[in-house]
Amino acid sequence: MVKKKNVDLFGLSARVDLKQSDWFSNLDVQKKYDLIISNPPYIKTDDIVLLQEEVKNFEPNLALDGGIDGLDCYVLIAKKAQEFLKESAFLLLEIGQSQENDVIKIFTSAGLKFVQEKKDLSGIIRGLLFQNTNENI
């Protein structure tokens, strides 16, 4: 696990608690987090057959298929995110090409504040950062 090696390399083991979870299933409902990062499946179901061979043949469908519109997982995450984020904590998401407006709408409607977008080396928006503005929801 690369993230664990990096935590150890930089001497952060006492300060960082890494969790891998199927959405929120492995998280303690009594604990709040400073940061949640997710790279959910975001490919539209019908677009999976159009992907490059090295992607569609070697990535599990579960890691690719985001449902009919590619947004299913974002809706699931948005419903629960505030339950697990500390006040003023952040949620960072990878998104598919041209999904930024839909994903921003999903999360702002769920009560999170949109903070920033991040582009990849090709100039495509691939990351969105949100902040929890209300811990008591």
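This report walks through the fold, the strand pairing and a few serines of one predicted chain.

Some ground rules come before the details. Because this is a predicted model, local features need pLDDT of at least 70 and side-chain atom pairs count only at pLDDT 80 or more, while totals for chains, interfaces and linings use all residues. Residues are numbered from 1 along each chain as its sequence is written, and side-chain values use heavy atoms, with hydrogens and water left out.

**The chain as a whole**

The chain has five helices and four strands; these are DSSP runs numbered from the N terminus, with at least four residues for a helix (H or I) and at least two for a strand (E). Going along the sequence, you meet them in the order α-β-α-α-α-β-α-β-β. The C-alpha atoms fill a box of roughly 40 × 35 × 30 Å along the principal axes. The radius of gyration is 16 Å, which agrees with the value near 14 Å for a compact globule of 137 residues. That radius is taken over C-alpha atoms, and the globule rule is 2.2 Å times the number of residues to the power 0.38.

Buried residues make up 31% of the 137. Here buried means under 20% relative accessible area, exposed means over 50%, and partly exposed lies in between (1.4 Å probe, protein chains only). The accessible surface comes to about 9,200 Å², and 52% of it belongs to carbon and sulfur atoms; the areas come from the Shrake-Rupley method with a 1.4 Å probe, and for residues only the protein chains shown count as cover.

As for contacts (heavy atoms within 4.5 Å), take those between residues at least 6 apart in sequence: 60% of them join residues at least 24 apart.

**How the strands pair**

Two strands pair if DSSP finds at least two bridges between them. The pairs are listed here.

| Strand pair | Sense | Bridges |
|---|---|---|
| E1 (residues 33–38) and E2 (residues 85–94) | parallel | five bridges |
| E2 and E4 | antiparallel | five bridges |
| E3 (residues 112–119) and E4 (residues 125–132) | antiparallel | seven bridges |

Some partners are easy to pick out on screen. Ile36 has Leu91 in E2 as its bridge partner. Leu129 in E4 turns up twice: Leu92 stands opposite Leu129, and Gln116 has Leu129 as its bridge partner. The hairpin of E3 and E4 has five residues between the strands, and there Gly123 takes a positive phi near 85°.

**Three serines**

Ser38 sits in strand E1. It counts as buried because its relative accessible area is 13%. Neighbours within four places in sequence aside, Ser38 is in contact with Trp23, Ile77, Leu92, Leu93 and Glu94. Leu92, as noted, stands opposite Leu129 in E4.

The next two serines are about backbone angles. Ser88, in strand E2, has a positive phi near 70° without being a glycine. Most residues other than glycine have a negative phi. Ser88 is partly exposed, since its relative accessible area is 42%.

Ser98 also has a positive phi, of about 70°, although it is not a glycine. You'll find Ser98 in the loop between E2 and helix H5 (100–109). With 58% relative accessibility, Ser98 counts as exposed.
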